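Open your viewer, switch to a cartoon view with side chains available, and let's take a walk through this molecule together. At each stop you will get something to select and a short description of what is there.

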Amino acid sequence: MEAFVKKVKHIDELHFEHQLWIAEISFYNDELMVYQKYLDHIATRNTGIEVRKQIEHFQNQFIIQKEQLDILKHDIKIHDQWLARFAAQHPTAIDHYVFADHNNMRDRAHSFKKLYTELKTEFIAFVSARM
């Protein structure tokens, strides 16, 4: 049996991931705005009860996704600020420090991507059937 090894990373690696995730969050927010415009367009052209239910479903999902993005972005920024404060307090020794890997945050980012991709696939199928 392998012994448990705690992963550690250099501050630059953690900061790079933070920047990457913030950029991805910005992209997802932009994409959600585009999806909402398509949904609004479909809503003006379709008044059937079933279509309205699907539109409401997607509107609710978009709100939830935006909220999750805001929470994730906030948490990433808090962690990055903590790293920045640590670096400012230890400027000469920062290259010698390693930090616990932020697996929890990475897991959250990956989970969001997975769920978002599923929603995106579902929404594109819905749009394709209505346009």
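Start with helix α2 and show the side chains of Val51, Ile55, Phe58, Phe62, Gln65, Leu69, Leu72, Ile76, Asp80, Leu83 and Phe86, which are buried. Keep in mind as you look that this is a predicted model. Now colour α1, β2 (99-100) and α3, because these are the elements that the buried residues of α2 pack against.

**Stop 1: along the helix**

Draw a distance between the end C-alpha atoms of α2. The helix has 41 residues, so at 1.5 Å a residue it should span 60 Å, and the model agrees, with its ends 60 Å apart.

Next, select phenylalanine 58 and phenylalanine 62. They sit four residues apart in α2 (residues 49-89), so about one helical turn separates them. Their rings form a tilted aromatic pair, with 6.2 Å from centre to centre and 35° between the planes. Are these two side chains buried or exposed? Phenylalanine 58 has a relative accessibility of 2%, so it counts as buried, and phenylalanine 62 is buried too, at 1%.

**Stop 2: ring to ring**

How many aromatic pairs does a search of the whole structure find? The count is 16. For one of them, select tyrosine 35 and phenylalanine 123: the ring centres are 5.1 Å apart and the planes meet at 45°, so this pair is tilted. The two residues come from distant parts of the chain, 88 residues apart, with tyrosine 35 in helix α1 (residues 11-45) and phenylalanine 123 in helix α3 (residues 103-130). Both tyrosine 35 and phenylalanine 123 are buried.

Add Phe126 to your selection and you can follow a cluster in which ring pairs link Tyr35, Phe58, Phe62, Phe123 and Phe126.

**Stop 3: the cores**

Nonpolar side chains tend to be buried together in soluble globular proteins. Here, the largest nonpolar core has 23 residues, and the members touching the most others are Leu39, Ile55, Phe58, Phe62, Phe123 and Phe126. Each of α1, α2 and α3 supplies at least two residues of this core.

Centre the view on phenylalanine 126 and show what surrounds it. Setting aside residues up to four places away in sequence, phenylalanine 126 touches Leu39, Ile42, Val51, Gln54, Ile55 and Phe58. Then look for a second, separate core of six residues, with Ile11, Leu83, Phe86 and Ile94 among them.

**Stop 4: lysine 9 and histidine 10**

Select lysine 9, which belongs to strand β1 (residues 8-9). With a relative accessible area of 19%, lysine 9 is buried, the cut-off being under 20%. Its contacts, not counting residues up to four places away in sequence, are Leu14, Glu17, Val98, Phe99, Asp101 and Arg106. Try a C-alpha to C-alpha distance from lysine 9 to tyrosine 97: they are 88 residues apart in sequence and 8.7 Å apart in space.

Finish with histidine 10, in the loop between β1 and α1. Which atom does its side chain reach at 3.1 Å? The partner is the backbone nitrogen of aspartate 12. Leaving aside neighbours within four places in sequence, histidine 10 is in contact with Ile94, Asp95 and Tyr97. For one last distance, go from histidine 10 to arginine 106: these residues are 96 apart in sequence and 15 Å apart in space, C-alpha to C-alpha.

Technical notes
Residues numbered from 1 in each chain as written. Predicted model: local features only at pLDDT ≥ 70, side-chain atom pairs only at ≥ 80, totals over all residues. Heavy atoms only, no water. Phe/Tyr/Trp six-rings, centres within 6.5 Å; stacked < 30°, edge-to-face > 60°. Buried < 20%, exposed > 50% of the residue type's maximum accessible area, 1.4 Å probe, protein only. Expected span 1.5 Å × (residues − 1). Contact = heavy atoms within 4.5 Å. Core = buried A, V, L, I, M, F, W, Y, C linked by side-chain atoms within 4.5 Å. Polar contact = N/O pair within 3.5 Å; in protein donor to acceptor, adjacent residues only side chain to side chain.
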